[in-house]
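I opened a fresh notebook page for this structure. Here is what I looked up, entry by entry.

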Amino acid sequence: MFERFTNDARDVVKSAFEYVEGGDGQCVEPEHLLLALLDREGSRGSFALTALGLGERRESVRQALRQARRRAGLSQADTDALAGLGIDVAEIVARVEEVHGVGALSGDRKDKGWWSGRPSFGRGAKGVLEHSLRAALAQRDRHIGDEHILLALTMRPGVPAEVLADHGVTYESLVRVLYGGGEAKAG
C-alpha cells in the first residue's frame, strides 16, 4: 500500500512518527496523523483544510486534541454519554491529575527506558491508513495523497473525526472541496 503514497502522504506519516518520537505517546495514533496534516503547507490536504476555514483555526484543533488526550482519549460524545449516566469525566480527570500530575490519563509514559524500539502504528492509525486507500479508490484515484488520509480521518469514528466536524470539516465537505461536489460513497 505504501508504494501508492505520494510524497505528501509519506511526509504526513513521517511527521506523525516524529510526534511520537518527541514524547507524544508510544505508537502512532490517528491524532498524530491529524497533527501532522495540520502542519502541512502546499498540499491538497492543506488546501482543503484552508478552503474549509481551518487555516486560521488550526490551534483550536490542536487544543481540542490535547483536551481529548487529557480525558484518556475520550471523545466529547463519550464524555456526554457518561455524563448521562452520572459520571463526570472532568471531575475524574481533575482528581487523577491532582494525585498523579497533569496528563496522567493521556497514556504517555514519562519513563521510556524500558522500551528501545522504533514506534509502530497503533490499531487506529492502521485503520486510518487502510481507509485512506478506500477513500482513494472511491474517488478513482490511483495514488494515496494526504487528502485521502484526511478523508479517512473523517470516515472513522473517534476524536479526530469529532474534532474536525466541530470545526466544520466533514467527509462530505472535503469531497465537495477536493472533487467539486462529485459525491462518492465512503468505504
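**Entry 1: the overall layout**

I began at the N terminus and read off the order of the elements, which is α-β-α-α-α-α-α-β-α-α-α-α. That comes to ten helices and two strands. I noted at the top of the page that this is a predicted model.

Next I looked up how much of the chain is covered. The chain has 187 residues, and 43% of them count as buried. The accessible surface comes to about 9800 Å², and carbon and sulfur atoms hold 51% of it. I also checked the contacts between residues with a separation of 6 or more: 66% of these join residues 24 or more positions apart.

**Entry 2: helix α9**

How many residues of α9 are buried? I found six of its eight, so by the cut-off of under 20% relative accessible area, the helix is mostly covered. I wrote down the buried ones: V159, P160, A161, E162, V163 and L164.

Then I asked which elements the buried residues of α9 pack against. My list has α2, α3 (44-51), α4 (58-70), α5 (76-84) and α8 (146-155).

**Entry 3: just after α9**

I moved on to H167, which sits in the loop between α9 and α10 (171-179). Is H167 buried or exposed? Its relative accessibility is 9%, and buried means under 20%, so H167 counts as buried.

I looked up the partners of H167 too. Its side chain makes a polar contact with the side chain of S60, at 2.7 Å. Setting aside neighbours within four places in sequence, H167 is in contact with L52, L54, R57, S60 and V61. I also noted G168, which follows α9 and has a positive phi near 85°.

**Entry 4: a positive phi elsewhere**

R140 caught my eye because it has a positive phi of about 60° although it is not a glycine. Most residues other than glycine have a negative phi. I placed R140 in the loop between α7 and α8. With a relative accessible area of 76%, R140 is exposed.

**Entry 5: the second largest pocket**

Rolling a probe the size of a water molecule over the atoms shows where empty space is left. I turned to the second largest pocket, which holds about 150 Å³ of space. It is lined by 16 residues, and those closest to its centre are P30, P157, G158, V159 and P160. V159 and P160 were already in my notes as buried residues of α9.

Which helices each supply at least two residues of this lining? I found α2 (30-39), α7 (123-138) and α9 (159-166). The most comes from α9, which gives three residues. By type, I sorted the lining into eight nonpolar, four polar and four charged residues.

**Entry 6: a glycine in α7**

Since α7 helps to line that pocket, I looked up one glycine in this helix, G127. G127 has a relative accessible area of 7%, so it is buried. I then checked how far G127 is from E29, which is 98 residues away along the chain. Their C-alpha atoms are separated by 9.6 Å.

**Entry 7: looking back**

I kept meeting α9 today. This helix is mostly covered, and it gives the most to the lining of the second largest pocket. For my next reading I marked two loop residues to view one after the other: H167, which is buried, and R140, which is exposed.

Methods:
Residues numbered from 1 in each chain as written. Predicted model: local features only at pLDDT ≥ 70, side-chain atom pairs only at ≥ 80, totals over all residues. Heavy atoms only, no water. 1 Å grid on protein atoms, 1.4 Å probe; cavity = no way out; pocket = protein on both sides within 12 Å on 5 of 7 lines; lining within 4 Å. Points joined across faces, edges and corners; volume = space filled by probe spheres on them. Helix = DSSP H or I, 4+ residues; strand = E, 2+ residues; numbered from the N terminus. Nonpolar A, V, L, I, M, F, W, Y, C, P; charged D, E, K, R; others polar. Buried < 20%, exposed > 50% of the residue type's maximum accessible area, 1.4 Å probe, protein only. Contact = heavy atoms within 4.5 Å. Areas by Shrake-Rupley, 256 points an atom, 1.4 Å probe, with all protein chains shown as cover. Polar contact = N/O pair within 3.5 Å; in protein donor to acceptor, adjacent residues only side chain to side chain.
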